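Reader: I am in my first year and am learning to read protein models. May I ask for a close look at a single part of this one, with its surroundings explained step by step?

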Amino acid sequence: MVPRCIKVSTRGILSISWNDGHEGEITLNTLRTKCPCAECRGETILWRKYTPLPQSDMPGKYDVLRMEPVGNYGIQFYWADGHSAGIYTWNMLRELCECPLCKSK
Ligand SMILES: [Zn+2]
Ligand SMILES: [Zn+2]
């Protein structure tokens with residue numbers, strides 16, 4: 001399952017047209033909150049569990065400036081506050097889907 005088209009709408013929603021015909025949507029807020037990078041998720045460094053500091057919401061935190069495909073398995077978002085470390089796989093985007101159909105499940 002791969003997206004045919006990904007675009008950000010003016011309502012702050014990422015619209016994804018999947019190659020199986022599914023029309024998905026995810027709010028940018030959700031997308032950013034679920035950022036899979038080590039910095040946002042926390043990381044185990046040696047024996048110490050590193051917990052991310054509570055991040056205050058910088059201006060632009062939930063705005064996407066641009067996106068870049070990563071290989072053929074995912075996409076990287078460049079957020080307006082300068083963050084870009086997270087790589088979202090297609091599977092992940094599909095699981096995060098917030099369209100009415102997926103939400104009702
Ligand atoms: Zn959906
Ligand atoms: Zn992150």
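In which loop does Arg11 lie?

Author: Please keep in mind that this is a predicted model. Arg11 lies in the loop between E1 and E2. Arg11 counts as exposed because 9 C-beta neighbours lie inside 10 Å, and a residue is called exposed when that count is 12 or fewer. Although Arg11 and Thr27 are 16 residues apart along the chain, their C-alpha atoms are separated by 8.5 Å.

The two strands beside this loop deserve attention next. E1 covers residues 3-9, and E2 covers residues 13-18. They run antiparallel and are joined by six bridges. Among the paired residues, Val8 has Leu14 in E2 as its bridge partner, and Lys7 has Ser15 in E2. Together E1 and E2 form a hairpin with three residues between them. In its turn, Gly12 has a positive phi of about 75°. E1 itself is hardly covered: of its seven residues, the number that are buried is zero.

The hairpin belongs to a wider arrangement. It is part of an open sheet of three strands in the order E1-E2-E3, with antiparallel pairing. The edge strands are E1 and E3, the latter spanning residues 23-27, and each of them pairs on one side only. On average, neighbouring strands of this sheet are turned by 20° against each other, direction ignored. E2 is joined to E3 by five bridges, again in the antiparallel sense. Here Leu14 meets Ile26 of E3 as its bridge partner. A second hairpin is formed by E2 and E3, with four residues between them, and Gly21 in its turn has a positive phi of about 95°.

Leu14 therefore has a bridge partner in E1, namely Val8, and another in E3, namely Ile26, and strands of a sheet pair through backbone hydrogen bonds. Leaving aside its neighbours within four places in sequence, Leu14 is in contact with Ile6, Val8, Glu25, Ile26, Leu28 and Leu31. Leu14 is also a member of the largest nonpolar core, which has ten residues. The other members are Ile16, Ile26, Leu28, Leu31, Ile75, Phe77, Trp79, Tyr88 and Leu93. At least two residues of this core are supplied by each of E2, helix H1 (28-33) and E7. The largest share, three residues, comes from E7. In soluble globular proteins, nonpolar side chains tend to be buried together.

E7 leads to another sheet. E7 comprises residues 74-79, and its side chains alternate. Ile75, Phe77 and Trp79 point to one face and are buried, whereas Gly74, Gln76 and Tyr78 point to the other and are not. Such alternation between the two faces of the sheet is what a regular strand shows.

This open sheet also has three strands, in the order E6-E7-E8, and its pairing is antiparallel. E6 (64-70) and E8 (87-89) stand at the edges with a single partner strand each, so one side of each is left without a neighbour in the sheet. Neighbouring strands of this sheet are turned by 30° against each other on average, direction ignored. E6 and E7 pair over six bridges, and Val64 stands opposite Trp79 in E7. They form a hairpin with three residues between them, in whose turn Gly71 has a positive phi of about 50°. On the other side, E7 and E8 pair over three bridges. Gly74 has Thr89 in E8 as its bridge partner, while Gln76 has Ile87 in E8.

Finally, these parts may be placed within the whole. The protein has four helices and eight strands. From the N terminus on, its elements run β-β-β-α-α-β-β-β-β-β-α-α. Of its 105 residues, 10% are buried. Among contacts between residues at least 6 apart in sequence, 35% join residues at least 24 apart. Helix H4 (residues 100-103) contains Leu101. Leu101 is exposed, because 11 other C-beta atoms lie within 10 Å. Leu101 and His22 are 79 residues apart in sequence, yet their C-alpha atoms are 9.4 Å apart in space.

Notes:
Residues are numbered from 1 along each chain as its sequence is written. Chains are lettered from A and ligands numbered from 1 in the order in which they are written. This is a predicted model: local features need pLDDT of at least 70, side-chain atom pairs count only at pLDDT 80 or more; totals for chains, interfaces and linings use all residues. A residue is buried if 20 or more other C-beta atoms lie within 10 Å of its own, exposed if 12 or fewer, and partly exposed in between; C-beta atoms are placed from the backbone. Two strands pair if DSSP finds at least two bridges between them. Axes are lines fitted to C-alpha atoms, for helices over the stretch in contact, and angles run from 0 to 180 degrees between N-to-C directions. A nonpolar core is a set of buried Ala, Val, Leu, Ile, Met, Phe, Trp, Tyr and Cys residues joined through C-beta atoms within 7 Å. Two residues are in contact if their C-beta atoms, placed from the backbone, lie within 7 Å.
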